[in-house]
Amino acid sequence: MTIQDIQAVQELLATPKKIAIIPHRGPDGDAMGSTLALYHFLLKNNHQPVVMAPNEFPDFLAWLPGSEKVEVYEKEREKCTAILNDAELVFTLDFNALHRTGEMETVLKTLTVPFIMIDHHQKPDDYAAVMYSDTQFGSTCEMIYNFITYLGQKSSIDKTIATCIYTGILTDSGSFRFPKTTGNTHRIVADLIDLGVENTVIPTLLFDNSSYNRLQLLGRALQNMQLIPEKQTSYITLTQAELNEFQFVKGDTEGIVNYGLSIKGIVFSAIFIENQEEKIIKISFRSQGDFDVNEFARNHFNGGGHINAAGGKSEESLSATVAKFEELVHQLNL
């Protein structure tokens, strides 16, 4: 952030305000961790913040402090619209284009109050009065730590705020394995642990609390995995019928795409998940090394993200989407 940005934020936060804090649709650990960390920080500074998720967040994040206070737009549209219209300031965290909020985009575009963007994805849209946008960071939560520090309020980071920040850093860094995990990331994490973060407990809450059905769904996904060995690529498919068979709930497919990258010699993996309610195929891409899945998702599947992790969607059938993907993969120089 520039000195001018910091001063602008300090002026906006100088008096108590009604503040909406928005994560992207389908919020993950970084989105929920960053929004809840900011929520607790703003509460301590006498503001009236509300975290409003476009849709439900996964059950494995429901232990995060303050998660019970989160409003969900798709569950209570009238109430949430009223809150947004009453807001004096809006933070958008872990995304940089309003369409990432789904149906909420329509309301957000009508607001005339200042927006503050904090995000680490590529090619931000120009809708915010203040943009703290930097693709060098592996998580928005790491940026939230810096954001609070830049405001001269690092001492206000307590165990509650630290827990939320740690969760986002842990999840978006792939448990500290992804390339954007820097020495400074670990220095921040060390500070968070010193503040009381239960770093031996949180990974269990996030990763080791699977239901029987979720494990059965994982088994089916792995059975469905296909390889394109000459292109160092793997992909997984899950139909709506398979999701229904194992009583799918939000979050059950989180992380499954990474299994494809665990195969020796594979540098590009994808998962295609049928969603009949939305009439789309939801897609996640992962890569190792220099292959840019953000560019691949943007060019071919109406998506985007990071160099090694991105998402997309298709309005074609599952079989047609997979056929398109295979054709594109065979054209790649992998």
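This is a short group-meeting talk about some helices and a few single residues in one protein structure.

Okay, hi everyone. Before anything else, remember that this is a predicted model. I'll walk through the helices, then stop at some individual residues.

Let's start with helix 5, which runs over residues 140-150. Its neighbour is helix 6, and these two pack with their axes 7 Å apart, at an angle of about 145°. So who is doing the touching? From helix 5 we have Cys 141, Glu 142, Ile 144, Tyr 145 and Ile 148, and from helix 6 it's Ile 161, Cys 164, Ile 165, Gly 168 and Ile 169. If you sort the residues of that contact by type, you get 8 nonpolar, 1 polar and 1 charged.

While we're on helix 5, have a look at Thr 140. Is Thr 140 buried or exposed? Its relative accessible area is 0%, so Thr 140 is buried. And there's company around Thr 140: leaving out residues up to four places away in sequence, Thr 140 touches Asp 30, Ser 34, Leu 93, Asp 94, Ile 118, Asp 119 and His 120.

Next, helix 6 and helix 7. Helix 6 covers residues 159-172, helix 7 covers residues 183-194, and their axes come within 10 Å and cross at roughly 145°. The crossing of helix 6 past helix 7 is left-handed. On the helix 6 side, the residues meeting helix 7 are Ala 162, Ile 165, Tyr 166 and Ile 169. They meet Thr 185, Ile 188, Val 189 and Leu 192 on the helix 7 side. What does that contact consist of? There are 7 nonpolar residues, 1 polar one and no charged ones.

Stay with helix 7 for a moment. Helix 7 has 12 residues, and from first C-alpha to last it reaches 17 Å, close to the 16 Å expected at 1.5 Å a residue. Buried in helix 7 are Thr 185, Ile 188, Val 189 and Leu 192. Where do they sit around the axis? They cover an arc of only 100°, so they end up on the same side of helix 7. The buried residues of helix 7 pack against helix 5 and helix 6. Flip to the other side of helix 7 and you'll find Arg 187 and Asp 194, which are exposed.

Between helix 6 and helix 7 there's a loop, and Phe 176 lies in it. Phe 176 has a positive phi of about 70°, although Phe 176 is not a glycine. With a relative accessible area of 25%, Phe 176 is partly exposed.

There's another positive phi to point out. Gln 232, also not a glycine, has a phi near 50°. You'll find Gln 232 in the loop between strand 7 and strand 8. At 29% relative accessibility, Gln 232 counts as partly exposed too.

Now let's jump to helix 13, residues 318-329. Its 12 residues should span 16 Å at 1.5 Å a residue, and the end C-alpha atoms are 16 Å apart, so that agrees. Which residues of helix 13 are buried? Those are Leu 318, Thr 321, Val 322, Phe 325, Leu 328 and Val 329. Looking down the axis, they fall within an arc of 125°, so they line one face of the helix. What do they pack against? The list includes strand 8, strand 9, strand 10, helix 12 and strand 12. On the face turned away from the buried side, helix 13 carries the exposed residues Ser 319 and Glu 327.

One of the residues in strand 8 is Thr 237. Thr 237 has 17% relative accessibility, and the cut-off is under 20%, so Thr 237 counts as buried. Among the residues Thr 237 touches are Leu 318 and Val 322, both of them on the list of buried residues of helix 13.

Last stop: His 47. His 47 sits in the loop between helix 2 and strand 2, and at 4% relative accessibility, His 47 counts as buried. Here's something to check on your screen: His 47 and Ile 19 are 28 residues apart along the chain, with their C-alpha atoms separated by 7.2 Å. Ile 19 is also one of the residues that His 47 touches, along with others including Leu 13, Pro 16 and Leu 42.

That's my tour. Thanks, everyone!

Note on methods. Residues numbered from 1 in each chain as written. Predicted model: local features only at pLDDT ≥ 70, side-chain atom pairs only at ≥ 80, totals over all residues. Heavy atoms only, no water. Helix = DSSP H or I, 4+ residues; strand = E, 2+ residues; numbered from the N terminus. Buried < 20%, exposed > 50% of the residue type's maximum accessible area, 1.4 Å probe, protein only. Contact = heavy atoms within 4.5 Å. Axes fitted to C-alpha atoms, helices over the stretch in contact; angles between N-to-C directions. Left-handed = near helix turned anticlockwise from the far one by under 90°. Nonpolar A, V, L, I, M, F, W, Y, C, P; charged D, E, K, R; others polar. Expected span 1.5 Å × (residues − 1). Arc of directions from axis to C-beta.
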